[in-house]
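Reader: Please take a close look at the loops and hairpins of this chain, in particular at backbone conformation there, and relate them to the sheets that they join.

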Amino acid sequence: MTNFIKTQNSFAHGEISPEFFAHDNINGLSVLENMDVIAGGGITRRKGLQTIDTIGTDARLFPLSVSENENYLLVIMDERMYIYANGQKKQDMIAPWTIEDVPKLQYAQRFGTMMFVHPNYSPYILKKESNRFVLSQFNFGIDENGFSAIPKMKFDDARGISITITDSDQGNVFATLTTDEDFWTPDNYGTRIYMNNKEWIIKNYISERQVTAFLGETFIPPVSPVTDWSESAFSNRRGWPACISFHQDRLVFAATPSYPSGIWMSKVGVHDDFSAGTGLDDEAISLTLLSQQRQQICTLVSSDSLQVLTTAGEWAISNAPLTPSNVSIKQHTSIGSVATHYLPPQQIEGKTVFVSNTQKDIRELELDDLGVKYNANDLCPFSKHLLGNITGLAYNQDTRQLFVVLNDGTLSVLNYNSGLGISAWAHYTTNGEFLSVAVTGDDTYAMVKRGDDYMLEMFSGAKLNDAGTFDFNFDASALPLHSSGHEIMKWRLRKISARVMNTKSISINGSRVTLSNDVYNVTADGFTGDVSVDILGTNDDYTAPVWRIHGTDALPITVLSVTIYGRYSI
């Protein structure tokens with residue numbers, strides 16, 4: 001057998017998947033549970049969870065930033081919304097969405113205003129007025145013809161259909177619209193029809209071929225059926241925008257159920273006006289993504305360009321400024337995003353981080369060195385086992401952590417600092433289920449289900465357990481032992497030594513290390529220095545972690561490095 005001394009002083013790759021256990025050039029761990037990788041590459045016990053409020057029902061969290069120092073947390077549940085600031089509930093209001101709707105609810109912020117879109121609802125706007133927030137339906141403006149400034153288009157199923165306009169018995173400002181084929185549905189109520197330079201609003205469904213429409217002025221019915229007509233792009237029948245962003249001072253909508261590859265941009269600085277106009281530089285823009293395969297737009301991101309993430313790839317709409325006659329649109333990568341629910345992309349170190357459509361990848365969109373083409377780099381090449389069935393994500397810029405909610409009630413957490421080479425995944429567990437996360441200011445909030453209770457909680461460095469009651473297990477386990485590129489077949493440990501910082505409790509391979517009594521004083525710093533345990537015995541399980549640091553004590557622990565001493569054979 002050959003003597004060895006082996007030190008691991010960086011855990012920068014975090015917990016890695018078993019298929020990489022045979023590599024000896026990875027600074028990773030086989031398990032990293034409820035611990036984080038810090039800037040120097042060491043590991044520390046995660047923050048505890050502080051209870052903010054008992055919500056009483058299932059809910060999801062949304063961040064709202066009004067200004068640099070004024071941040072709010074929205075808790076949206078079944079037809080209700082709570083608004084919190086600094087850990088205190090500030091407002092309780094009625095909301096239009098059910099809890100089943102909330103996973104598809106997308107939002108965009110501009111100054112003190114937040115807009116929500118959902119494919120089954122007209123857009124809503126949340127605005128702070130004085131000391132209270134008001135939630136109301138978004139209203140489109142009026143164009144130069146006196147019509148609604150909502151986008152207008154001709155849908156494929158309406159092509160070739162003619163409309164006959166006749167008088168209605170409801171009054172001389174109403175008309176009966178009759179099609180030559182079955183076309184109308186009850187959902188056409190409120191749809192706006194544009195023909196003969198007039199705007200008609202459907203008020204009553206009669207049959208598949210007949211509806212009553214309101215004009216608002218007297219009219220003379222045309223002699224012939226009308227073949228040149230269009231309708232509002234958004235309506236109860238056609239659906240409403242599923243995606244939203246602000247870009248170059250334009251409000252951007254995208255992806256209705258009837259037109260999943262459509263994009264509509266407002267006039268510059270006039271966010272309620274989507275009328276086509278005459279093509280001047282500041283007027284509205286409408287686009288359609290065209291490719292060889294069907295693409296549904298999943299989300300929009302305003303960055304150096306307008307990034308459009310679809311089910312089949314990642315596009316960018318560039319040109320500065322964007323004008324109706326000057327739009328460059330290009331697909332850069334073919335990863336694809338999730339369409340079944342909204343997973344808001346996060347801006348991390350100037351890059352757009354998003355979840356792939358397989359939900360096994362977290363990708364970052366980054367321009368190449370020439371600033372021409374985007375690449376979609378994989379942020380979890382070694383840790384695929386920690387992803388899958390993702391239901392939410394949020395990034396805390398202050399702690400440099402990406403929180404990813406999984407549908408099994410756990411969190412996968414990426415500690416990321418590219419400048420220091422840190423890209424470390426870990427997983428968080430608690431006595432309950434994580435349902436949602438959001439970051440406001442420097443604080444990370446979580447919606448947690450504990451038994452039958454739904455709790456709003458916040459990660460806090462001042463807390464060493466969860467919800468004031470629950471201790472949690474933390475675990476850092478090494479990779480299998482390797483040496484000089486060879487697999488170890490049998491090994492015998494003499495000692496395991498750990499260099500720790502501000503630590504008050506540490507157990508190594510099941511043995512609790514005794515620290516000096518003075519570190520347990522509440523006001524005292526933890527121990528900083530080297531601790532060790534002596535290990536006897538031979539192990540021939542070459543897949544087993546050679547060391548494990550673990551515990552449940554509600555006490556601080558930070559490990560900077562681990563050194564093992566022993567003998568091995570190959």
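Author: Ala467 lies in the loop between β41 (453-460) and β42 (474-477); strands here are DSSP runs of E of at least two residues, numbered from the N terminus. The model is predicted, with local features requiring a pLDDT of at least 70, side-chain atom pairs counted only at pLDDT 80 or more, and totals for chains, interfaces and linings using all residues. Residues are numbered from 1 along each chain as its sequence is written, and side-chain values use heavy atoms, with hydrogens and water left out.

The phi of Ala467 is near 55 degrees, a positive value in a residue other than glycine. Most residues other than glycine have a negative phi. A further case is Asn197, which is not a glycine and yet has a positive phi of about 60 degrees. Asn197 is placed in the loop between β19 and β20 (198-207). With a relative accessibility of 75%, Asn197 counts as exposed (over 50% of relative accessible area, whereas buried means under 20% and partly exposed lies in between; 1.4 Å probe, protein chains only).

The strands on either side of Asn197 belong to an open sheet of 7 strands, ordered β16-β22-β19-β20-β21-β18-β17 with antiparallel pairing; two strands pair if DSSP finds at least two bridges between them. At the edges of this sheet stand β16 (152-153) and β17 (163-167), each with a single partner strand, so one side of each has no neighbour in the sheet. Within the sheet, β19 (residues 192-195) and β22 are joined by 2 bridges in the antiparallel sense. One residue of this pairing is Ile193, whose bridge partner in β22 is Glu231.

A second loop of this region, between β21 (210-214) and β22 (230-232), holds Asp228. Asp228 counts as exposed because its relative accessibility is 67%. Apart from neighbours within four places in sequence, Asp228 is in contact (heavy atoms within 4.5 Å) with Tyr194 and Met195. Those two residues fall within the stretch 192-195 of β19. By contrast, a separation of 54 Å lies between the C-alpha atoms of Asp228 and Gly56, residues that are 172 places apart along the chain.

Positive phi is also found at a glycine, in a hairpin. Strands β33 (residues 362-367) and β34 (residues 374-378) pair antiparallel over 5 bridges. Leu367 has Tyr374 of β34 as its bridge partner. This hairpin has 6 residues between the strands, and Gly371 there takes a positive phi near 70 degrees.

A further antiparallel arrangement is an open sheet of 4 strands, in the order β23-β24-β25-β26. Its edges are formed by β23 and β26 (285-288); each has a single partner strand, so one side of each is left without a neighbour in the sheet. On average, neighbouring strands of this sheet are turned by 20 degrees against each other, direction ignored (axes are lines fitted to C-alpha atoms, for helices over the stretch in contact, and angles between N-to-C directions run from 0 to 180 degrees). The antiparallel strands β24 (residues 250-256) and β25 (residues 259-265) are joined by 4 bridges, and Thr256 stands opposite Tyr259 in β25. In a regular strand, side chains alternate between the two faces of the sheet.
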